[in-house]
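Dear colleague,

Please find below the structure that I am handing over to you, together with its sequence. My notes on what was found in it follow directly after.

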Amino acid sequence: MAAPASMSRCSLIRMRSLTNPRTFLRCVGGNVQRRYSGATHQKNQLEPGDATSSAHNFTSVTAEKTLSTRQERLTDDSVLPFSAFLTDGFGRMHNYLRISLTEKCNLRCQYCMPEEGVKLTPRTQLLSTSELLTLSRLFVQEGVDKIRLTGGEPLIRPDVLDIISELRKLEGLKTIAVTTNGMNLARLLPKLKDAGLDLINISLDSLVPAKFEFIVRRKGFHKVLEGIEKAVEVGYDPVKVNCVVMRGFNEDELLDFVALTEKKPLEVRFIEYMPFDGNKWNFKKMVSYQEMLDQIRQQWPNLEKLETEHTHTAKTFKVPGFRGQVGFITSMSEHFCGSCNRLRITADGNLKVCLFGNSEVSLRDVLRSGASDEELLQIIGAAVGRKKRQHAGMFNISQMKNRPMILIGG
């Protein structure tokens, strides 16, 4: 249970690691005390329910609190296996950060962008490269070991190679990934690999050129295929191929996509159609995981389910004898909120603790106010602490105000 916003008496909230339970929050006089910071090794105090969303709010909050600046090394009994700032009230440890590099894209996918387009954020209000790297460093110091670069289309950002090279220098960061539409991928792949890119997800929603163009509202089918082939050629294994399945659009291509995995190291990931602002989501258009699985099993009845780590989003299967595999992202029909380890930073610097939530905190404004690392961590910790147990469900989400997917980052 998450601690209520107003606590009548103090209680211990415990988090279990793989080996033993650790106290990660302690109530002191009605306040929640975060016991450990990987970046500073300081005691930090944080009021539950702080709703800081701008530098103005941040200033008013910090005026009421005294931040400890005394450096101290905690005893073994109080050192946590993971930063409390990135651990929510349900014990979920967030070690995976997705950063949107841009709101711009060279495609107009129907499930991602409204038909009329989106109003782009002025350049001065987007995170600069320096700000992006500052936030990345802070999150990695607190325990993030995987960063995925998204968009928009991240590979149209001119300094994407420099960003990857700088991220590669962060001690403790194990994995750098990118999600791309593949349009510019073939040309950039050798340099991306040299810069330190570990994983690639490529969006491809149809194997029929005319249908591809209808879904993405642009030409470029053969460029995407070329990007997939090039990724395999330079040694990425697996190359993940993301396919958003929509009834009346591409649900008749499931078997063709699975067949791609026979001889190539691909992981085709079928994604349930999700509601976002402007994408005209309709329950009747959504093809559920179970329906997709049943259809595939009619062709391959011996389809095997694979074991995956508990934080993985995909339910993964393999046709015996095939080199690659298939996965299902079941966000709507069988959510995986209980094992969520992901946080998102939008291109304009807002922290989203849930893809489907409409609560955001501007880290850009806090950063530009001259905040210290410790003060930034207070804001981040407060946002993570407010993360809900699970999303509101597909019907409620479809009625909620949220950003279009392109302004969140895939």
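On helix α4, the face turned away from the buried side carries the exposed residues Arg 187, Lys 191 and Asp 194. Please bear in mind throughout that this is a predicted model. The buried residues of α4, which spans residues 185–195, are Leu 185, Ala 186, Leu 188, Leu 189, Leu 192 and Ala 195. These buried residues lie on the same side of α4, because the arc they cover around the axis is only 140°. As a general point, residues three or four places apart in an α-helix point the same way, since there are 3.6 residues a turn. The cover over the buried residues of α4 includes α3 (160–168), β7 (175–180), β8 (199–203) and α6 (221–233). Gly 196 follows α4 and has a positive phi, near 120°.

Helix α5 may be described in the same terms. Within α5 (residues 209–216), the buried residues are Lys 211, Phe 212, Ile 215 and Val 216. They are placed on the same side of α5, because their arc around the axis is only 120°. Ala 210 and Phe 214 are exposed, on the face of α5 turned away from its buried side. The buried residues of α5 pack against α6, and Arg 217, just after α5, takes a positive phi of about 60°.

Lys 211 also appears in the surroundings of Glu 253. Glu 253 is placed in the loop between β9 (239–245) and α7 (254–259). Its relative accessible area is 3%, so Glu 253 is buried. Leaving aside residues up to four places away in sequence, Glu 253 touches Ser 206, Leu 207, Val 208 and Lys 211.

Turning to the whole protein, there are twelve helices and 16 strands. Of its 410 residues, 55% count as buried. Among contacts with a separation of 6 or more, 71% come from residues 24 or more positions apart.

Twelve strands form an open sheet with mixed pairing, in the order β11-β12-β13-β10-β9-β8-β7-β6-β5-β14-β15-β16. The edges are taken by β11 (304–305) and β16 (361–362); each has a single partner strand, so one side of each is left without a neighbour in the sheet.

Within this sheet, β5 (residues 96–100) and β6 pair in the parallel sense over five bridges. Arg 98 has Arg 148 as its bridge partner in β6. Strand β6 (residues 146–150) is mostly covered, with five of its five residues buried. On one side of β6 are Lys 146, Arg 148 and Thr 150, on the other Ile 147 and Leu 149; all are buried, and both faces are thus covered. In general, the side chains of a regular strand alternate between the two faces of the sheet.

Strands β14 (residues 342–345) and β15 (residues 350–352) run antiparallel and are joined by two bridges. Ile 345 has Leu 351 as its bridge partner in β15. Arg 342 is also found in β14. Its relative accessibility is 8%, so Arg 342 counts as buried. The C-alpha atom of Arg 342 is separated by 9.5 Å from that of Val 144, although these two residues are 198 residues apart along the chain.

Which helices pack at an angle of about 75°? They are α2 (residues 129–141) and α10 (residues 373–385), whose axes are 11 Å apart. The two helices are therefore roughly perpendicular to each other. In this contact, α2 contributes Leu 135, Arg 137, Leu 138, Phe 139 and Gln 141, and α10 contributes Asp 373, Leu 376, Leu 377 and Ile 380.

Finally, the cysteines. How many disulfides does a search of the whole structure find? The search finds zero. Cys 354 is in no disulfide, and the nearest cysteine sulfur, that of Cys 337, is 6.2 Å away. A disulfide would require the two sulfur atoms to be within 2.5 Å. Cys 354 is partly exposed, with a relative accessible area of 24%. Cys 105, by contrast, counts as buried at 19% relative accessibility, the cut-off for buried being under 20%.

With kind regards

Key:
Residues are numbered from 1 along each chain as its sequence is written. This is a predicted model: local features need pLDDT of at least 70, side-chain atom pairs count only at pLDDT 80 or more; totals for chains, interfaces and linings use all residues. Side-chain values use heavy atoms; hydrogens and water are left out. Buried means under 20% relative accessible area, exposed over 50%, partly exposed in between (1.4 Å probe, protein chains only). Two strands pair if DSSP finds at least two bridges between them. Helices (H or I, at least four residues) and strands (E, at least two) are DSSP runs, numbered from the N terminus. The arc is that of the directions from the helix axis to the C-beta atoms. Contact means heavy atoms within 4.5 Å. Axes are lines fitted to C-alpha atoms, for helices over the stretch in contact, and angles run from 0 to 180 degrees between N-to-C directions. Angles under 35 degrees count as roughly parallel, over 145 as roughly antiparallel, 65 to 115 as roughly perpendicular and the rest as oblique.
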